[in-house]
Amino acid sequence: MGLEKFLNGENVEIPYGIDPYLMKLTSINSNSLDFSIVGDWEPVNVFAEAILPKREFFEAILDGAAQFWNTLIDYKVFEEKEIKDTTAKEYPKLMIKEIEKLSGKVKTLFK
């Protein structure tokens with residue numbers, strides 16, 4: 001997961017959407033990061049760029065992810081549908097636990 005890599009000290013480049021775009025997160029200092037969305041081709045086009053506060057940015061991302069997984073739980077997406085044998089019915093709950101773990105790490109790292 002890109003967020004986990006960033007929290008472990010790495011700058012991150014991950015695919016953004018289905019088009020050939022990259023989301024880049026580059027640490028500037030202990031409180032700020034450079035956020036950008038760029039084309040993954042030459043010449044590189046920058047579609048969005050901003051200096052953002054790390055804690056607030058990551059809290060917003062994690063809140064949105066938790067809301068997504070809770071909605072899947074509310075609608076019993078993994079319980080009522082025929083799904084592949086490899087998909088655990090507990091997967092959304094496991095993802096929420098991972099989000100909670102990352103949220104705790106964000107609060108500890110960025111006070």
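**Strands, helices and the contacts between them**

Okay, let's start at a turn: in the hairpin between E1 and E2, with five residues separating the strands, Gly-17 has a positive phi near 75°. Before I go on, this is a predicted model, so local features need pLDDT of at least 70 and side-chain atom pairs count only at pLDDT 80 or more, while totals for chains, interfaces and linings use all residues. Residues are numbered from 1 along each chain as its sequence is written, and side-chain values use heavy atoms, with hydrogens and water left out.

A word on the labels: helices (H or I, at least four residues) and strands (E, at least two) are DSSP runs, numbered from the N terminus. Strands count as paired if DSSP finds at least two bridges between them.

So, the strands. E1 covers residues 12–15 and E2 covers residues 21–27, and they pair antiparallel over four bridges. If you want a register marker there, Ile-14 has Met-23 in E2 as its bridge partner. E2 also pairs with E3, residues 32–39, again in the antiparallel sense, over seven bridges. In that pairing Ser-27 sits opposite Leu-33 of E3, and the hairpin joining E2 to E3 runs through four residues.

There's a charged contact across the E1 and E2 pair too. Glu-13 makes a salt bridge with Lys-24, with 3.6 Å between the closest N and O atoms; by salt bridge I mean a side-chain nitrogen of Lys or Arg within 4 Å of a carboxyl oxygen of Asp or Glu. Glu-13 is in strand E1 and Lys-24 in strand E2, 11 residues apart. How accessible are these two? I'm calling a residue buried under 20% relative accessible area, exposed over 50%, and partly exposed in between, using a 1.4 Å probe and protein chains only. Glu-13 comes out exposed at 51%, whereas Lys-24 is partly exposed at 25%.

How many salt bridges does the structure hold? Five. Another one joins Lys-101 and Glu-4, where the closest N and O atoms are 3.9 Å apart. That pair links distant parts of the chain, with Lys-101 in helix H4 and Glu-4 in helix H1 (residues 2–7), 97 residues apart. Lys-101 is partly exposed at 48%, and Glu-4 is partly exposed at 25%. Glu-98 comes into the picture here as well: Glu-4, Glu-98 and Lys-101 are linked in a network of salt bridges.

Now on to helix H2. Its 21 residues should span 30 Å at 1.5 Å a residue, and the end C-alpha atoms are indeed 30 Å apart; the expected span is 1.5 Å times one less than the number of residues. Which residues of H2 are buried? They are Lys-54, Phe-57, Phe-58, Leu-62, Trp-69 and Leu-72. These cover an arc of only 120° around the axis, so they are on the same side of H2; the arc is taken from the directions from the helix axis to the C-beta atoms. Over on the other side of H2, the exposed residues are Asp-63, Gln-67 and Asp-74. H2 has a salt bridge of its own, between Arg-55 and Glu-59, at 2.8 Å from N to O. Those two are four residues apart, about one turn of the helix. Just after H2, Lys-76 has a positive phi of about 50°.

H4 gives a parallel story. Its 19 residues should span 27 Å, and the end C-alpha atoms are 27 Å apart, which agrees. The buried residues in H4 are Pro-92, Met-95, Ile-96, Ile-99, Leu-102, Ser-103 and Val-106. They cover an arc of only 125°, which puts them on the same side of H4, while Lys-97, Glu-100 and Thr-108 are exposed on the other side.

Last topic: the rings. Rings of Phe, Tyr and Trp (its six-membered ring) pair if their centres lie within 6.5 Å, with planes under 30 degrees apart counted as stacked, over 60 as edge-to-face and the rest as tilted. By that rule there are 11 aromatic pairs. One of them is Trp-69 with Tyr-91, edge-to-face, at 5.4 Å centre to centre and 80° between the planes. Trp-69 is in helix H2 (residues 54–74) and Tyr-91 in helix H4 (residues 91–109), so the pair ties together parts 22 residues apart in sequence. Trp-69 is buried at 12%, but Tyr-91 is partly exposed at 35%. And there's one aromatic cluster to look at on screen, formed by Phe-6, Phe-35, Phe-57, Phe-58 and Phe-110.
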